[in-house]
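Please look over the sequence and the model below before reading on. The paragraphs that follow lead from the confidence of the prediction to the contacts between side chains, and end at the surface.

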Amino acid sequence: MRLDEKKGSIVLDNFNSTANLATNPGFQSTLSLGSKEIINEKAYNPFEHRKVEHPNSSIGSLVHLLKSSLGSGILAMPAAFKNAGLVVGAVGTFVVGFICTHCVYILVKTSQEVCVDAKKPSMGFAETCGAAFEFGPKPLRPWANFAKIFVDYALTCTYLAALCVYVVFIAENFKEVLDEYIPEYKLSVETYCALTLVPLVLICQIRNLKWLVPFSAIANVMLVICFAITMYYIFGELPNPAEREMVASFTHWPLFMSTVIFAMEGIGVVMPVENEMAKPEQFLGCPGVLNVAMTIVISLYGLVGFFGYIRYGDDVRGSVTLNLPQDELLAQSAKILMALAILFTYSLQFYVPMEMIWRQLHHKISVKYHNITQISIRTFAVVASVALAAAFPDLELFISLCGAIFLSSLGLLFPAIVETVHKWDRGLGSFNWILWKNCFIALISLVALFAGSYVSIKGIIEKFNEPVLEKLLNGSLNDTRGM
């Protein structure tokens, strides 16, 4: 539309109802520019943006989750029941298993939700913790990087501590068999720990995860056979359950809780399994991969712990395979298979902390020194784990200590904190039930952490001082006889 000055009339150039009324940059409608985009914008779905080269099916993910939880720890369950009693052990295994499952659930759920905030397809454990703080309450946002780094290092320490337990497992099972065949050369557990050094150093020089797959496959077969033989002996001569303690001393319950947490907790592999799923929405929910896997895990752990304690009572050891007869070939084969399975699994577990350590160091080292540095770090880490295992070879106490210090924090405390931080500004439910629930979980975690660590360390010190005390007593007796 324009004014024709010559004719003194108005001319309509464009009479179109769809004409753009805002072509003049001086007149911009904020409504037309923004609201339409906001209304039409689709919420970010991290599942739609995941590009996994070789995704796992739900069945495959279930197998991976079972593999991470059903390891050598299941053979420590009878020793856990010894510290709780049949009744408390059965109820406690279910309760601890339920809490561990719930903590995995809230960690994965929080990870999926913060992925939407961060517009990222997937996150690991440490990234999830960092993102929860980053997108949480403003006063806590500066702590995001610290939370991520702290969890990263805590995971590394957890796996390194587990490697020490593996060394003791290997040493004690080999000792049980070789002491029977070579009685005149009965070596100490510490010596057998030292003898594992060379094969472990060599196998841990394998850096490609692909080349570790055959070792893992062989280890799984050996574990299944060992487990079957162990069950054969457990159910072979079951005594009357009334002969066993129903409720153990309350002071030993922290050892029970720490051992169960160590045996059952697989928090370090949960996020990688969920991130690699073809249909990650099937991980949670009912039934869901998580619920099915943990139902199987809790049932098997309770079964082995309950009947293993009935079979061997207070004589049960840190690994129930050590209670099998020393003079029977079938039992000896189970012990050797167990030792070899753990030996082959060691390198796979070693891969996790080594990956984190190398990620932190590789950019600080010249490329031409990468190879020699890798060899040195791997060798030093193995030597350190063997030395620590030899220094404290009591398997039962070592397992409970690792469970108390590391897995009670990673598996229980951190997921509770992360969900609370994430939900703080988004709503904590009616009567703040999420906050109260997570405070309860944090309390259980702290009890397992401090009480379990105290009892375990006290037991280790007493065990460590026994030889010293014996020498002092023997010396005093000799002095008395000399008088």
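The predictor's confidence in each residue is given as pLDDT, on a scale from 0 to 100. Averaged over the chain, pLDDT is 79, and 84% of the residues score at least 70. Over residues 14–40 the pLDDT is below 50, and this stretch has six contacts in the model beyond near neighbours in sequence, a contact being heavy atoms within 4.5 Å. Over residues 479–483 the pLDDT is likewise below 50, and here the number of contacts beyond near neighbours in sequence is zero. Where pLDDT is low, the predicted coordinates should not be read in detail. Because this is a predicted model, local features need pLDDT of at least 70 and side-chain atom pairs count only at pLDDT 80 or more, while totals for chains, interfaces and linings use all residues. Residues are numbered from 1 along each chain as its sequence is written, and side-chain values use heavy atoms, with hydrogens and water left out.

We can turn now to the charged side chains. Side chains of opposite charge can pair when their charged atoms come close. For a salt bridge, a side-chain nitrogen of Lys or Arg must lie within 4 Å of a carboxyl oxygen of Asp or Glu, and a search of the whole structure finds nine such pairs. One of them joins Arg359 to Asp152, with the closest N and O atoms 3.2 Å apart. This pair links distant parts of the chain, since Arg359 belongs to helix α14 (residues 329–361) and Asp152 to helix α7 (residues 144–181), 207 residues apart; helices here are DSSP runs of H or I with at least four residues, numbered from the N terminus. How accessible is Arg359? Arg359 is partly exposed, with a relative accessible area of 35%, whereas Asp152 is buried at 13%; buried means under 20% relative accessible area, exposed over 50%, and partly exposed in between, with a 1.4 Å probe and protein chains only.

A salt bridge also forms between Glu176 and Lys335, at 3.2 Å from N to O. Glu176 lies in helix α7 and Lys335 in helix α14, so this pair ties together parts that are 159 residues apart in sequence. Both Glu176 and Lys335 are buried, and the two are linked with Arg317 in a network of salt bridges. Elsewhere, Glu237 forms a salt bridge with Arg311, with 4.0 Å between the closest N and O atoms. Here the link runs from the loop between α10 (209–234) and α11 (253–264), where Glu237 is found, to helix α13 (residues 288–312), which holds Arg311, and the two residues are 74 residues apart. Glu237 counts as exposed, at 58% relative accessibility.

The aromatic side chains come next. The structure holds ten aromatic pairs, which are rings of Phe, Tyr and Trp (its six-membered ring) with centres within 6.5 Å, counted as stacked when the planes are under 30 degrees apart, edge-to-face when over 60, and tilted for the rest. Among them, Phe81 and Phe306 form an edge-to-face pair, 6.5 Å centre to centre and with 85° between the planes. Since Phe81 lies in helix α4 and Phe306 in helix α13, the pair ties together parts that are 225 residues apart in sequence. Phe81 is buried, with a relative accessible area of 0%, while Phe306 is partly exposed at 26%. The rings of Tyr232 and Tyr233 are also edge-to-face, because their centres are 5.3 Å apart and their planes stand at 80°. Tyr232 is exposed at 55%, but Tyr233 is buried at 9%. One aromatic cluster is formed by Phe81, Phe235, Phe256, Phe306 and Phe307.

Asn83 sits in the loop between α4 (77–82) and α5 (86–118) and counts as buried, at 5% relative accessibility. The C-alpha atoms of Asn83 and Phe256 are separated by 5.4 Å, although the two are 173 residues apart along the chain. Thr230, in helix α10, is buried with a relative accessible area of 0%. What does Thr230 contact, leaving aside its neighbours within four places in sequence? Thr230 is in contact with Leu75, Val320, Thr321 and Leu324.

At the surface, Val87, Val91, Phe94, Val95, Phe98, Met246 and Val247 make a nonpolar patch of about 640 Å². Phe98 is placed in helix α5 and counts as exposed, at 53% relative accessibility. Patches are made of residues with over 30% relative accessible area and no salt bridge, with like charges joined within 9 Å and nonpolar side chains (Val, Leu, Ile, Met, Phe, Trp, Tyr) within 5 Å; accessible areas come from the Shrake-Rupley method with a 1.4 Å probe, and for residues only the protein chains shown count as cover.
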